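Subject: A structure to look at, with notes

Dear colleague,

I am handing over a structure that I would like you to open and turn around before reading further. My notes on what was found in it come after the structure itself.

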Amino acid sequence: HAYAEALGGASAAIIPTAMTESLISFGSQARNAQLAYNASRPAGAPAVALQQPWDPRGAGFAPHVARNACAMSGIRVLSGPVSAAIDVTCRALGFDADARARAIAADFASSVLAAAISMPFNQIFNYLATTPRDARAEASVLRSCVAFLRSQYLVACPKTGGLRLSRTVLRDGFMRCMYIAPQLSTFSAIERLCLLKVADGG
């Protein structure tokens, strides 16, 4: 809200807010990913060094910011258009839904969309956090990330020989949506209630 007030709107505040969130949480989340990797790594594979939880430096910082920005855009940017679409649909069906219920539904639906968009960035962050520089497929970080996404989400079609999306896309997308959508839509509902109380002087 401080960024939105300073920059003139919620949309403009998304990137600086995402960067602030990453500065606070990148180190600890990278360390969590590394601990999980080390605990389940294949036999003989070397353990990765652990990130200091207070240190925001690392190759995965940029995708971490992009992930946060995409996820946050659900309740901050997409919720308005989704809410308008829900209102139009309710009127067309003659369904008189409670305004609070429509707002919660819009937040949840928009958070699902935003979570799906943020999923590749989240996976790139995890990949970079758990893959040492000398173990990446390419010298360039960008090329290495592209190669990782290609290996994870594209498979050869036996019939045509072309590429198609793998089942891993659905798995990762589902898990990301089921984590982010309830979390952010609940946060938005609590925030809306608090702002209403402040506006009423409560």
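Glu 191 has a relative accessible area of 13%, and because buried means under 20%, Glu 191 counts as buried. Please keep in mind, here and below, that this is a predicted model. The side chain of Glu 191 meets that of Arg 76 in a salt bridge, with 2.9 Å from N to O. This pair links distant parts of the chain, since Glu 191 sits in helix H6 and Arg 76 in helix H3, 115 residues apart. Arg 76 has a relative accessible area of 27%, so Arg 76 is partly exposed, whereas its partner Glu 191 is buried. As general background, side chains of opposite charge can pair when their charged atoms come close.

The count of salt bridges comes to six, and two others may be set beside the one above. In one of them, the side chains of Asp 55 and Arg 57 meet at 2.9 Å, N to O. Asp 55, at 16% relative accessibility, counts as buried, while Arg 57, with a relative accessible area of 63%, is exposed. In another, the side chains of Asp 172 and Arg 171 meet at 2.8 Å, N to O. Here Asp 172 is buried, at 7% relative accessibility, and Arg 171 is partly exposed, at 46%.

It may help to step back to the chain as a whole. Its secondary structure comes to six helices and two strands, and, read along the sequence, these follow the pattern α-α-α-α-α-β-β-α. The C-alpha trace spans about 60 × 50 × 30 Å along its principal axes. Of the 202 residues in the protein chain, 35% are buried.

Helices H3 and H6 come up again when we look at Ile 75, which has its place in helix H3. Is Ile 75 buried or exposed? At 11% relative accessibility, Ile 75 counts as buried. Ile 75 and Gln 183 are 108 residues apart in sequence, and their C-alpha atoms are 11 Å apart in space.

Gln 183 also leads us to the largest pocket, which holds about 560 Å³ of space. This pocket is lined by 22 residues, and those nearest its centre are Arg 67, Arg 176, Tyr 179, Ile 180 and Gln 183. The elements that give two or more residues to this lining are H2, helix H3 (61-93), helix H4 (99-130) and H6. Which of the elements gives the largest share of the lining of the largest pocket? That share comes from H6, with nine residues. Sorted by class, the lining of the largest pocket has nine nonpolar, seven polar and six charged residues.

The second largest pocket has a volume of about 250 Å³. It is lined by 18 residues, of which Gln 34, Gln 51, Leu 128, Ala 129 and Thr 131 are the closest to its centre. H2 and H4 are the elements that give two or more residues to the lining of this second pocket. By class, the residues of that lining divide into nine nonpolar, six polar and three charged. On how such spaces are found, rolling a probe the size of a water molecule over the atoms shows where empty space is left.

Helix H2 (residues 10-40) is also where Ser 28 is found. Ser 28, at 29% relative accessibility, counts as partly exposed. The C-alpha atoms of Ser 28 and Leu 50 are separated by 9.7 Å, although the two residues are 22 residues apart along the chain.

Finally, please look at the surface, where Phe 108, Phe 174, Met 175 and Met 178 form a nonpolar patch with about 430 Å² of accessible area together. Which helix gives the most to this nonpolar patch? Helix H6 (residues 167-199) does, with three residues. Phe 174, one of the residues of the patch, has its place in helix H6. Phe 174 has 57% relative accessibility, and because exposed means over 50%, Phe 174 counts as exposed. Helix H6 thus appears in several of these notes: it gives the most residues to the nonpolar patch, it gives the largest share of the lining of the largest pocket, and it holds Glu 191 of the salt bridge to Arg 76.

With kind regards

Terms used
Residues are numbered from 1 along each chain as its sequence is written. This is a predicted model: local features need pLDDT of at least 70, side-chain atom pairs count only at pLDDT 80 or more; totals for chains, interfaces and linings use all residues. Side-chain values use heavy atoms; hydrogens and water are left out. Patches are made of residues with over 30% relative accessible area and no salt bridge: like charges are joined within 9 Å, nonpolar side chains (Val, Leu, Ile, Met, Phe, Trp, Tyr) within 5 Å. Accessible areas come from the Shrake-Rupley method with a 1.4 Å probe; for residues, only the protein chains shown count as cover. A salt bridge is a side-chain nitrogen of Lys or Arg within 4 Å of a carboxyl oxygen of Asp or Glu. Helices (H or I, at least four residues) and strands (E, at least two) are DSSP runs, numbered from the N terminus. Buried means under 20% relative accessible area, exposed over 50%, partly exposed in between (1.4 Å probe, protein chains only). On a 1 Å grid over the protein atoms alone, a cavity is a set of points where a 1.4 Å probe fits but cannot get out, and a pocket is an open set with protein on both sides within 12 Å along at least five of seven lines; lining residues have an atom within 4 Å of a point. Grid points are joined across faces, edges and corners, and a volume is the space filled by probe spheres set on the points. Ala, Val, Leu, Ile, Met, Phe, Trp, Tyr, Cys and Pro count as nonpolar, Asp, Glu, Lys and Arg as charged, and the others, Gly among them, as polar.
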